[in-house]
Amino acid sequence: MRFIITDSYEAMSRSAADIIEAQINEDSPCTLGLATGSTPIGTYQFLVEDCRQGKVSFANVETYNLDEYCGLSPESPDSYHYFMNANLFDFVDIDKANTHVPEGDGSDAEASCEAYEQAIEDAGWMDLQLLGLGNNGHIGFNEPAADFPVSTHIVRLTESTIDANSRLFESADDVPREAITMGIGTIMKARKILVVANGVGKAAIVKEAFLGPVTPEVPASVLQLHPDVTVVLDREAASQL
Ligand code: F6R
């Protein structure tokens, strides 16, 4: 596990964008696993700007997002599909047919999970998987649990996650209670993993996940077992390391 500790959110975002761009430029075509949330927004802004300047092209990039809320359509402004369009896909030269987000509003959620996992397997798994880190150690929506879920599945969100994500909704009552997420097994099959975390609020979980014991009670701790993980932090998130 390699740590890159940067001075600010902007520097963390720049560093993460550089790693993603190096992957795209060195390894075309390229399959990227992507995350939503507050942390990667700055990274996506750098990718958009660099694509505009011709430093990187998404023409040969295929993407799979980690997760999506159940019950929300891609057009819902609260959906992760909408987030990805608004923060990245609408502003880079990617073929939208090559962007994939779990189907949150399908009539058969189990079937949607199976189809999503199969599509990722058919794509040869991820070359590079970008991850944010939940306050409780979740990655994707893999919440603390008794074991590590293997493949894409439906998950019931914990109160802590509902609480953390309610800032993006009108109220906590509006946060969907279920989501579809890649499994820990899906994530671990990526050839490279890039974790981003910033702010003092993430300092304790960064320490617990990456220096503590590997346990499904802290899902991100499993990343200690992956052979190629880069963790990019700002000083605050790294302050307990
Ligand atoms: C989002 C996702 C989540 C977030 C995590 C951190 O697709 O998979 O695991 O990465 O909740 O969210 P932020 O970045 O908002 O702190």
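In these legends, a residue is called buried under 20% relative accessible area, exposed over 50% and partly exposed in between (1.4 Å probe, protein chains only). This is a predicted model, where local features need pLDDT of at least 70, side-chain atom pairs count only at pLDDT 80 or more, and totals for chains, interfaces and linings use all residues. Residues are numbered from 1 along each chain as its sequence is written, and side-chain values use heavy atoms, with hydrogens and water left out.

**View 1. Glu 10 sits in helix 1, residues 9-26.** Helices here are DSSP runs of H or I with at least four residues, strands are runs of E with at least two, and both are numbered from the N terminus. With a relative accessible area of 54%, Glu 10 is exposed because that value is over 50%. Look for Glu 62 as well: it comes 52 residues away along the chain, and the two C-alpha atoms are 26 Å apart.

**View 2. Asp 27 belongs to the loop between helix 1 and strand 2.** Is Asp 27 buried or partly exposed? Its relative accessibility is 29%, so Asp 27 goes down as partly exposed. Asn 60 is 33 residues from Asp 27 in sequence, with 9.5 Å between their C-alpha atoms.

**View 3. Leu 34 is part of strand 2, residues 30-34.** Relative accessibility is just 2% here, so Leu 34 counts as buried. Between Leu 34 and Lys 202 there are 20 Å, C-alpha to C-alpha, and the pair is 168 residues apart along the chain.

**View 4. The ligand sits in the largest pocket.** A pocket is worked out on a 1 Å grid over the protein atoms alone, as an open set of points where a 1.4 Å probe fits, with protein on both sides within 12 Å along at least five of seven lines. A molecule sits in one if more than half of its atoms lie within 2 Å of its grid points. Which residues come nearest to the ligand? Of the 14 around it, they are Thr 39, Asp 67, His 138, Gly 140 and Lys 202, where being near takes a heavy atom within 4 Å. The shell splits into three nonpolar, eight polar and three charged residues; Ala, Val, Leu, Ile, Met, Phe, Trp, Tyr, Cys and Pro are nonpolar, Asp, Glu, Lys and Arg are charged, and the others, Gly among them, are polar.

**View 5. Side chains of Thr 36, Thr 39 and Arg 167 meet ligand oxygens.** Polar side-chain atoms lie 2.8 Å from a ligand oxygen for Thr 36 and 2.9 Å for Arg 167. For Thr 39, an N or O atom of the side chain is 2.4 Å from an oxygen atom of the ligand. Taken alone the ligand exposes 410 Å², and the protein buries 92% of that (Shrake-Rupley areas, 1.4 Å probe).

**View 6. Trp 125 has a positive phi, near 65°.** Most residues other than glycine have a negative phi. Trp 125 occupies the loop between helix 4 (109-122) and strand 6 (128-131), and at 17% relative accessibility it counts as buried.

**View 7. Thr 152 and Glu 117 share a polar contact of 2.6 Å between their side chains.** Such a contact is a pair of N or O atoms within 3.5 Å; within protein, one must be able to donate a hydrogen and the other to accept it, and residues adjacent in sequence count only if both atoms are side-chain atoms. Thr 152 is in the loop between strand 6 and strand 7 (153-156), and its 7% relative accessibility makes it buried.

How values were computed: 1 Å grid on protein atoms, 1.4 Å probe; cavity = no way out; pocket = protein on both sides within 12 Å on 5 of 7 lines; lining within 4 Å.
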